[in-house]
Amino acid sequence: MPDMGRLLAEDLVRDVPDFPKPGILFKDITPVVQNHAALKEVVQLLAEWARPKQVDAVVGIEARGFIFGAPIALELGVGFVPLRKLGKLPYNRVAEEYALEYGTNTVEMHADSVQPGQNIIIIDDLLATGGTAAAAARLVERLGGRVAGFGFLIELEFLEGRKVLSPYDVHALIRYP
Ligand code: AMP
């Protein structure tokens, strides 16, 4: 990928302190997706990263992973698969639980959404601890899919989510040390 210098998207990510709780610096991507040029930049760069992988489908993580995942799937000429929070999907499901700082969370996919042998990329807006993305990978693999990589707009490097996702290919457009 050619060096494009600083991304427009990087200038538009908004820091919101103490959301959703005290001590969390929330990276708000809504100003990025409200801007056509920035939205296009993010979708095209992640699609460029994914294109050589010959993916069969794009899995997007609820909810902000949907915003980028579906247009990336369109760019790649493949379909989009939603990974959702517990209880949202209507049909036959597979579920994975993962640990949070306090308690656990569960994510689900439709059991027929990934076919054995398919090459899958997983998209979300932000990589923090990697717990959500790792659960997504376990679901894809339980359905017989192969995880070809994870694409994010933002990586919070200090949370070391990349370690949790090794040895997969992890690609983030903006990294905060
Ligand atoms: P994790 O499982 O810890 O990697 O958390 C990733 C999920 O939580 C993603 O879907 C992010 O959208 C969200 N998230 C975690 N931390 C932040 C943050 N500081 N700002 C915005 N979103 C976050």
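How do the residues of the shell around the ligand divide into nonpolar, polar and charged? Five are nonpolar, four are polar and four are charged. Keep in mind as you look that this is a predicted model.

Let's start with that shell. In total, 13 residues surround the ligand, and the closest are R64, D124, D125, T129 and T132. If you'd rather think in terms of helices and strands, look for β2 (25-28), β7 (119-127) and α5 (131-142), since each of them supplies at least two residues of the shell.

Now zoom in on the backbone. A polar backbone atom of K27 is 2.9 Å from a nitrogen atom of the ligand. Over at G130, a polar backbone atom is 2.8 Å from an oxygen atom of the ligand. G131 joins in too: one of its polar backbone atoms is 3.4 Å from an oxygen atom of the ligand. How much of the ligand does the protein cover? On its own, the ligand has 490 Å² of accessible area, and the protein covers 80% of that.

Next, step back and look at the space itself. Rolling a probe the size of a water molecule over the atoms shows where empty space is left. Here, the space taken by the ligand is the largest pocket. This pocket holds about 1,200 Å³ of space. It is lined by 35 residues, and R64, L100, L126, A128 and T132 are the closest to its centre. You've met R64 and T132 already: they're also among the closest residues to the ligand.

Which strand gives the largest share of the pocket lining? That's β7, with four residues. Other elements that each supply at least two lining residues include β4 (79-85), β5 (93-99), β6 (104-110) and β8 (146-156). By class, the lining has 20 nonpolar, six polar and nine charged residues.

Finally, let's hunt for some oddities in the backbone. Most residues other than glycine have a negative phi, and most peptide bonds are trans. Against that background, check the bond that joins E62 and A63: it is cis, with omega about -10°. A63 sits in the loop between β3 (57-61) and α4 (64-76). Another cis peptide bond joins S166 and P167, this time with omega about 10°. You'll find P167 in the loop between α6 (161-164) and β9 (170-176). Then there's D18, which isn't a glycine but has a positive phi of about 60°. Look for D18 in the loop between β1 (14-17) and β2.

Definitions and conventions: Residues numbered from 1 in each chain as written. Predicted model: local features only at pLDDT ≥ 70, side-chain atom pairs only at ≥ 80, totals over all residues. Heavy atoms only, no water. Near = heavy atom within 4 Å. Polar contact = N/O pair within 3.5 Å; in protein donor to acceptor, adjacent residues only side chain to side chain. Areas by Shrake-Rupley, 256 points an atom, 1.4 Å probe, with all protein chains shown as cover. 1 Å grid on protein atoms, 1.4 Å probe; cavity = no way out; pocket = protein on both sides within 12 Å on 5 of 7 lines; lining within 4 Å. Sits in = over half its atoms within 2 Å of the grid points. Nonpolar A, V, L, I, M, F, W, Y, C, P; charged D, E, K, R; others polar. Points joined across faces, edges and corners; volume = space filled by probe spheres on them.
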